[in-house]
Amino acid sequence: MPPHLSDMTVYVLALLTGAVAGLRAMTAPAMVSWAAHLGLLDLSGTWLAFFGNVWVRWILTLFALVELVTDQLPSTPSRTVPVQFGARIVTGALSGAAIGASGGRCLAG
């Protein structure tokens, strides 16, 4: 995170990212990956630095776009199915951790 952002800003960004992950599982990681690429999140030196990789960024973007399309299909199961619900929790937690890690507070994110 840029140094001018407060702790509260990190918490709010992590909360909003969690809300995005609750709507679409792959959108939050794609968003975090793009933020790392654009220099909005400094993940260098953290275990989440892979988000800044060019391949990861494009693969997550592709997954997010595919998810947008497949969610509209009538054969797509409900979002409350345990596997889909779990995926949203995991991707939200991972994305929030990346936001927290960029501010030096991985667990807070």
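# Notebook: a predicted four-helix model

**Confidence.** I began with the confidence values of this predicted model, and I noted a mean pLDDT of 85 for the protein, with 90% of its residues reaching 70 or more. I then looked at the elements one by one, and found that α1 has the lowest mean pLDDT among them, at 84, while α3 has the highest, at 94.

**Overall layout.** I looked up the secondary structure next and counted 4 helices and 0 strands, which, read along the sequence, give the pattern α-α-α-α. Of the 109 residues in the protein, I found that 32% count as buried. I also checked how the contacts are spread along the chain: among those between residues at least 6 apart in sequence, 68% join residues that are at least 24 apart. For the accessible surface I wrote down about 6300 Å², of which carbon and sulfur atoms hold 76%.

**Helix α2 and its surroundings.** Which residues of α2 are buried? I listed A28, P29, A30, V32, S33, A35 and A36, and when I asked what these buried residues pack against, I found α1 (7–23), α3 and α4 (82–102). Just after α2, I noted that G39 takes a positive phi of about 85°.

**The loop after α2.** I moved on to G45, which lies in the loop between α2 (27–37) and α3 (54–70). Is G45 buried or exposed? Its relative accessibility is 82%, so G45 counts as exposed, the cut-off for that class being over 50%. I also looked up its separation from A101, and although the two residues are 56 apart along the chain, their C-alpha atoms are separated by 9.7 Å.

**A nonpolar patch.** On the surface I found a nonpolar patch of about 740 Å², made by V54, W55, W58, I59, L62, F63 and V66. I picked out V54 for a further check and placed this residue in helix α3. With a relative accessible area of 39%, V54 is partly exposed, because that value falls between the cut-offs of 20% and 50%.

**Salt bridges.** Side chains of opposite charge can pair when their charged atoms come close, so I searched the whole structure for such pairs and noted 2 salt bridges.

In one of these, the side chains of D71 and R24 meet, with an N to O distance of 2.5 Å. I noted that this pair links distant parts of the chain, since D71 sits in the loop between α3 and α4 and R24 in the loop between α1 and α2, 47 residues apart. I then compared how each partner is covered: D71, at 21% relative accessibility, counts as partly exposed, whereas R24, at 17%, counts as buried. The two fall into separate classes because the cut-off for buried is under 20%.

I also looked up the salt bridge that E67 forms with R88, where the closest N and O atoms are 3.6 Å apart. E67 lies in helix α3 and R88 in helix α4, so this pair ties together parts that are 21 residues apart in sequence. I checked the accessibility of this pair as well, and both E67 and R88 are buried.

Definitions and conventions
Residues numbered from 1 in each chain as written. Predicted model: local features only at pLDDT ≥ 70, side-chain atom pairs only at ≥ 80, totals over all residues. Heavy atoms only, no water. Helix = DSSP H or I, 4+ residues; strand = E, 2+ residues; numbered from the N terminus. Buried < 20%, exposed > 50% of the residue type's maximum accessible area, 1.4 Å probe, protein only. Contact = heavy atoms within 4.5 Å. Areas by Shrake-Rupley, 256 points an atom, 1.4 Å probe, with all protein chains shown as cover. Patch = residues over 30% accessible without salt bridge, like charges linked within 9 Å, V, L, I, M, F, W, Y side chains within 5 Å. Salt bridge = Lys/Arg side-chain N within 4 Å of Asp/Glu carboxyl O. pLDDT = per-residue confidence, 0-100.
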